[in-house]
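Good morning, everyone, and thank you for making time for this. I would like to walk you slowly through one structure and the side chains inside it, so please have a look at it with me.

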Amino acid sequence: MGDIQFEIDGQTVTAVPGMTVLEVARKHGIYIPTLCHHEKLEPFGGCRLCIVEVEDRGWTKYVVSCVFPAAGGIIVRTRSEKVDRLRKTILELLMAHAPDAPQLVELAKVYGADPNRYESDPSFCIHCGLCVRYCAEVARKNAIGFVDRGINKEISFVPEIAAQYCNDCKECFPLCPTSYLQAAYVLAQALSFSEQGVQTMNT
């Protein structure tokens, strides 16, 4: 199959089949904000911040660009009144969990997000899943996972695996947009697997 041509922000761009809108935008130097995207990981679409406006044969829809496939003839707008409003709301919801996270604070300035709009629930984890997916897909250790569901969902280290691998790895730490992961690791280490690590070293 040949290259695909479409438009992003008035610029004609080309893509090969299988590329997402986000990948094409980045290839052409067009900025779309993300929090849960990582080039080494499968697209996730969890944070929704990369939402864009797509016009296709006269119909307009709002899609998550990191998972939306590029298609010939579509018109993509990375900024519009509604896109900005949606991103503002997403940021305000995320900031209820992590109001001081540097990435969120910077994006809030761009989109005029109010960190106090929603009731504070400072869990400090925004469920982007970067740490969980990186550990599974890149490090291939599966030392971190999600537990529970819905509003109760949180990340958790698997003590017997984390005690063996995490101290010498920590590759996921800089990926965390809120720095919650480091705190969770220290807490988990203190509460559960520091003793296991000692036991492992002594065997």
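Let me begin with Phe173, which counts as buried because its relative accessibility is 13%, where buried means under 20% relative accessible area, exposed over 50% and partly exposed in between, with a 1.4 Å probe and protein chains only. Tyr185, at 3% relative accessibility, counts as buried too.

Before I go on, please keep in mind that this is a predicted model, in which local features need pLDDT of at least 70 and side-chain atom pairs count only at pLDDT 80 or more, while totals for chains, interfaces and linings use all residues. Residues are numbered from 1 along each chain as its sequence is written, and side-chain values use heavy atoms, with hydrogens and water left out.

How many aromatic pairs does a search of the whole structure find? It finds two, where rings of Phe, Tyr and Trp (its six-membered ring) pair if their centres lie within 6.5 Å, and planes under 30 degrees apart count as stacked, over 60 as edge-to-face and the rest as tilted. In one of them, Phe157 and Tyr185 meet edge-to-face, with 5.4 Å from centre to centre and 65° between the planes. Phe157 belongs to strand β7 (residues 154-157) and Tyr185 to helix α6 (residues 180-202), so this pair ties together parts that are 28 residues apart in sequence; helices (H or I, at least four residues) and strands (E, at least two) are DSSP runs, numbered from the N terminus. Both Phe157 and Tyr185 are buried.

The rings of Phe173 and Tyr185 have centres 5.4 Å apart and planes at 65°, so that pair is edge-to-face. Since Phe173 lies in the loop between α5 (159-165) and α6, and Tyr185 in helix α6, the pair ties together parts 12 residues apart in sequence. Phe157, Phe173 and Tyr185 thus make up one aromatic cluster.

Rings can also face charges, which here means that NZ of Lys or CZ of Arg is within 6 Å of the ring centre and within 35 degrees of the ring normal. The charged end of Lys141 sits over the ring of Tyr165, 4.3 Å from its centre, and Lys153 lies over the face of Phe146, at 4.5 Å from the ring centre.

Finally, the overall picture: the protein has six helices and seven strands, and of its 203 residues, 42% count as buried.
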